[in-house]
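Biologist: Could you take one part of this model, look at it closely, and then work outwards from there to the rest of the chain? I would like one connected account rather than a list.

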Amino acid sequence: MLDNSAATEPAVIYRLYPYSDYSAVASAVTFEHGKIKIFIKNAYNKRGSPICLIPGALSFSPKNSGLYRFHSFSHNPDYYHYIKNPDIALRLNLCFDFFDQLFIHGESSAAFWKLILKFTDKNYRELSMYIIYRLLKDAGFWFYHPCACGKLEGGLTLHNGRIICERCNLTVSRGFAINQEAARCLPLFEKTEAYRTAKFTSAEEGEVLKLFGAHLDSVLEKEEAVKSLKVFSNMLTTLQQ
Ligand SMILES: [Zn+2]
């Protein structure tokens, strides 16, 4: 957008970074502008800072070189469960961490936007896993075929961003082992109908998320790119015990 007029858009503010005593820089995803950074002059005044993670209407205008100026934010009370239910809040955070790694500023993200509005107290596990799958897929990082040979059974390994089966893996000795739980879940992400009724256990969720994280690290050539993943995985493991 080239003109300097203010825009009001459906948006979620998902991170708030303190900038100076009163100001902050926020990361937000908006319906039309996609991922943006906004400068908030009085982020901590008596009316309170804008609530993170709850969808609402964000008014903002261009400031300089890709940074926007905050005008106002009114959150939608229909989404209070997004912060009231820690199961949703934690997974939303995780989704935004993956989003941050995979999207650049100004990149629009209609599919992501629509999906993050769908969290309920019942679907948070399946929805967050699907969102992360879609983020990877839309970024071009999904593995359509479990192995180049089409095989899914047996020991599977993630190596250099690809899934390799036992038979094809004879020459590769390193890689991230995919356990049976994750291997069983993977094909479901490609089947829209089956996914609609799919239910995952927290053990399956933990394994799939670990795999998504390892995959992202290997395609981005980073280490632990999604910082919140380790904390989240440890928490899941603790809850299972
Ligand atoms: Zn193979």
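Modeller: Let me start with helix 7 (residues 202-220), which lies across strand 6 and strand 8 and runs at about 35 degrees to strand 6. Please keep in mind throughout that this is a predicted model.

The two strands under helix 7 belong to an open sheet of three strands, in which the order is 7-6-8 and the pairing is antiparallel. Its edges are formed by strand 7 (162-165) and strand 8 (176-178), each of which pairs on one side only. On average, and with direction ignored, neighbouring strands of this sheet are turned by 35 degrees against each other. Strand 6 (residues 156-159) and strand 7 run antiparallel and are joined by four bridges; as a point of reference within this pair, threonine 157 stands opposite isoleucine 164 of strand 7.

From the sheet we can turn to the helices, beginning with helix 4 (residues 124-138), where glutamate 126 has its place. Outside its own sequence neighbourhood of up to four places, glutamate 126 touches Ala198, Lys199 and Phe200. With 17 other C-beta atoms within 10 Å, glutamate 126 falls between the limits of 12 or fewer for an exposed residue and 20 or more for a buried one, and therefore counts as partly exposed. Measuring along the chain, glutamate 126 and glycine 150 are 24 residues apart, while in space their C-alpha atoms are 25 Å apart.

Helix 4 also packs against helix 2 (residues 86-102), at an angle of about 0 degrees and with the two axes 10 Å apart. Because angles under 35 degrees count as roughly parallel, helix 2 and helix 4 are described as roughly parallel to each other. On the side of helix 2, the contact is made by Asp87, Ile88, Arg91, Leu94, Cys95, Phe98, Phe99 and Leu102, and on the side of helix 4 by Tyr124, Ser128, Ile131, Ile132 and Leu135. By residue class, this contact divides into ten nonpolar residues, one polar and two charged.

At the level of the whole chain, the domain assignment gives domain 1 (7-79) and domain 2 (81-142 + 179-240). The centres of the two domains, taken over C-alpha atoms, are separated by 24 Å, and 15 residues of domain 1 are in contact with 17 residues of domain 2. On the domain 1 side, strand 1 (7-18) and strand 3 (34-40) are the elements that give two or more residues to the surface touching domain 2, and strand 3 gives the most, with four residues. That side of domain 1 is made up of nine nonpolar, three polar and three charged residues.

Strand 1 and strand 3 lead us to the remaining sheet, in which five strands close into a barrel in the order 1-2-3-5-4, with mixed pairing. Neighbouring strands of this barrel are turned by 50 degrees against each other on average, again with direction ignored. One of its pairs consists of strand 4 (residues 56-64) and strand 5 (residues 67-75), which pair in the antiparallel sense over eight bridges, and in which proline 62 has tyrosine 68 of strand 5 as its bridge partner.

Definitions and conventions. Residues are numbered from 1 along each chain as its sequence is written. This is a predicted model: local features need pLDDT of at least 70, side-chain atom pairs count only at pLDDT 80 or more; totals for chains, interfaces and linings use all residues. Domain bounds come from an automatic or database domain assignment. Two residues are in contact if their C-beta atoms, placed from the backbone, lie within 7 Å. Ala, Val, Leu, Ile, Met, Phe, Trp, Tyr, Cys and Pro count as nonpolar, Asp, Glu, Lys and Arg as charged, and the others, Gly among them, as polar. Axes are lines fitted to C-alpha atoms, for helices over the stretch in contact, and angles run from 0 to 180 degrees between N-to-C directions. Angles under 35 degrees count as roughly parallel, over 145 as roughly antiparallel, 65 to 115 as roughly perpendicular and the rest as oblique. Two strands pair if DSSP finds at least two bridges between them.
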